[in-house]
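Hi,

Here is the structure I said I would pass on. Have a look at it first, and then read my notes below.

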Amino acid sequence: MAATPQKPAAATPRRKVSRHRGEGQWAAGHFTPLNGNEQFKKDDDGLNVRTRIETIYSKRGFDSIDPNDLRGRMRWWGLYTQRKPGIDGGKTAILEPEELDDSYFMLRVRIDGGRLTTQQLRVIGEISQEFARGTADITDRQNVQYHWIRIEDVPEIWNRLEAVGLSTTEACGDTPRVVLGSPVAGIAADEIIDGTPAIDEIQRRIIGNKAFSNLPRKFKSAISGSPLLDVAHEINDVAFVGVNHPEHGPGFDLWVGGGLSTNPKIGVRLGAWVPLDEVPDVYEGVISIFRDYGYRRLRTRARLKFLVADWGAEKFRQVLEDEYLKRKLVDGPAPAQPVERWRDHVGVHRQNDGRFYVGFAPRVGRVDGATLTKIAELAEAHGSGRVRTTVEQKMIVLDVEEAQVESLVEALEALDLTAKPSPFRRGTMACTGIEYCKLAIVETKARGASLIDELERRIPDFDEPITINLNGCPNACARIQVADIGLKGQLVLNDQGEQVEGYQVHLGGALGLEAGFGRKVRGLKVTSDELPDYVERVLKRFQEEREDGERFATWAARASEEALS
């Protein structure tokens, strides 16, 4: 009989020794990429992909695109693949990227400060009609987004945009995104200071500069001298907010570390007053801190807000002053609370030169190329050569003589672009949603538009400022946590136990006035079909229970869960 084989003696387990890599901060000497995104950025700067788009991909077609360019570097030029039609929200987190990708792109046109000439707006509209099947959405970051863009058409689109001074450079990607600015900078009668020169210098110095084209994640910024606090400064990575210093006069209060998504944080004041001509230097210092000290190990912790939360305002200011500016900043006051609750500039307002600007409200930022072209024509017909986009998905025509105002308002109304919107039309915002976005779980644009119509019909006497923000996923592109009623898209169960599109509800968020995040009531979710009934019910309870002058956010913070359900 053969001997029974003996098992080898178990080897003593060896403890795995690995070098501590920290958070992947360059300033700590950690330059080795710790994830795929950091690797493709190290392999080739995202800005370099433009040459391949122009010389290879646009000539050979979609299938010729390298995957690291397709889902990575092309974002540096404003390009994302859009969602393949017919894929329901339940598959968003299950399918591989190549299964979600359509062979068409979203293309984002960056509009720093929301500033457009009528000539530029006309070109945006013409590109939409010729290359984007008429699509052109106004975003809550003052940009315009196209869909259905073919890679073959991208070089020609760039040529046309750049011929009128526009670009898509770093409109997406781990880059300095569009610089938000007050849409009435330089013309508002109540303006503290005009930040336009700083925005121009930041564009010249930073945008497209390879010294700042490999950041840990996106970098969002805002500059406004409006007392209305009209650029959502609390949720940007860096923001400059107009203030009057008691000794030095008009300048800016410096904020850092704001952001939303799945880990929302309100930005913090550094307590520093920055004069206008120093804003670009301070901006460069803050973005350099992000580049050098930002966390690159995990994408989920790579935004500036996490570094600010760990360091605190005092250390952040010290590093900014000692290592980057090489000088101390002047201490300064906080911005005053805005006296108005709407800060979107909708309506007719007198400018500082005696003329007027007219702000109007599309439905949830959804317009089209033909409409944008008509807006440009209407503005010119009424003596204006300038228009603006806002961070509330609205638009403004500047420089209108008083005698022309009424005619312009009527002409806009005929395009369903009202300067006298209901609170629901004025205050409802929606992200792109499942129609085009690969991250989305539910529909948003059409749902938001229909919700406006239903609420106008059901509660015609409602006259309080109210914000209703719809988001297709948890990433909060539509700022759900800081809305009166924030609706985060997800799949929910209906009364029949079926999984359908719906929303988790956030209530009582705010920016500007006592900025803070909305309240989540345990288990409070609504289906898309139930949404009008739910919002109507909550708003009527607010009308019944509110105290004199009480805002919805204040009421929502004190209301019972039953009242909010």
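Below is what I found, going from overall confidence to sheets, single residues and salt bridges.

Before anything else, keep in mind that this is a predicted model. The mean pLDDT of the protein chain is 94, with 96% of its residues at 70 or more. The stretch to be careful with is residues 1-20, where pLDDT stays under 50 and the model has 2 contacts beyond four places in sequence.

Now to a sheet you can pick out towards the later part of the numbering. It is an open one with 5 strands in the order β17-β18-β19-β20-β21, and the pairing is mixed. At its edges sit β17 (428-430) and β21 (519-527), each pairing on one side only. On average, neighbouring strands here are turned by 30 degrees against each other, ignoring direction. Strand β20 (residues 499-507) runs antiparallel to β21, and 5 bridges join the two; across that pair, Q504 stands opposite K525.

Two helices pack on this sheet. Helix α14 (residues 445-458) touches β17, β18 (468-471) and β20, and its direction makes about 155 degrees with that of β18. Helix α15 (residues 531-545) touches β18, β19 (485-493), β20 and β21, at about 140 degrees to the direction of β21.

One residue in the sheet caught my eye: K488, in strand β19. How far away is the nearest side chain of opposite charge to K488? That side chain is E501, 16 Å away, and K488 is buried with no salt bridge. Leaving out residues up to four places away in sequence, K488 touches N471, C473, P474, I480, G502, Y503, Q504 and H506.

Just past α15, have a look at R551, in the loop between α15 and α16 (552-558). R551 counts as buried because its relative accessible area is 14%, under the 20% cut-off. Beyond its neighbours within four places in sequence, R551 is in contact with R341, A510, L513, E514 and F542. R551 and P465 are 86 residues apart in sequence, but 8.1 Å apart in space, C-alpha to C-alpha.

Earlier in the chain, try strand β5 (residues 144-149), where 6 of 6 residues are buried. β5 runs antiparallel to β2 (residues 101-109), with 4 bridges, and also antiparallel to β4 (residues 135-138), with 2 bridges. Q145 in β5 is the bridge partner of R108 and also stands opposite D137. β4 and β5 form a hairpin with 5 residues between them, and Q142 in the turn has a positive phi of about 70 degrees.

Finally, the salt bridges: the structure holds 53. Here are some that link distant parts of the chain:

- R297 pairs with E23, with the closest N and O atoms 3.7 Å apart. They are 274 residues apart, R297 in the loop between α8 (279-293) and α9 (304-311) and E23 in the segment before α1 (36-43). R297 is partly exposed at 30% relative accessibility, whereas E23 is buried at 17%.
- E278 and R327 meet at 3.2 Å, N to O, and are 49 residues apart.
- E435 and R366 come to 3.1 Å. E435 is in the loop between β17 and α14 and R366 is in strand β14 (residues 366-368), so this pair ties together parts 69 residues apart in sequence.

There is also a network in which salt bridges with shared partners join E454, R457, R458, D533, E536 and K540.

Cheers

Key
Residues numbered from 1 in each chain as written. Predicted model: local features only at pLDDT ≥ 70, side-chain atom pairs only at ≥ 80, totals over all residues. Heavy atoms only, no water. pLDDT = per-residue confidence, 0-100. Contact = heavy atoms within 4.5 Å. Pairing = 2+ DSSP bridges. Axes fitted to C-alpha atoms, helices over the stretch in contact; angles between N-to-C directions. Buried < 20%, exposed > 50% of the residue type's maximum accessible area, 1.4 Å probe, protein only. Lys, Arg positive; Asp, Glu negative; His and termini not counted. Salt bridge = Lys/Arg side-chain N within 4 Å of Asp/Glu carboxyl O.
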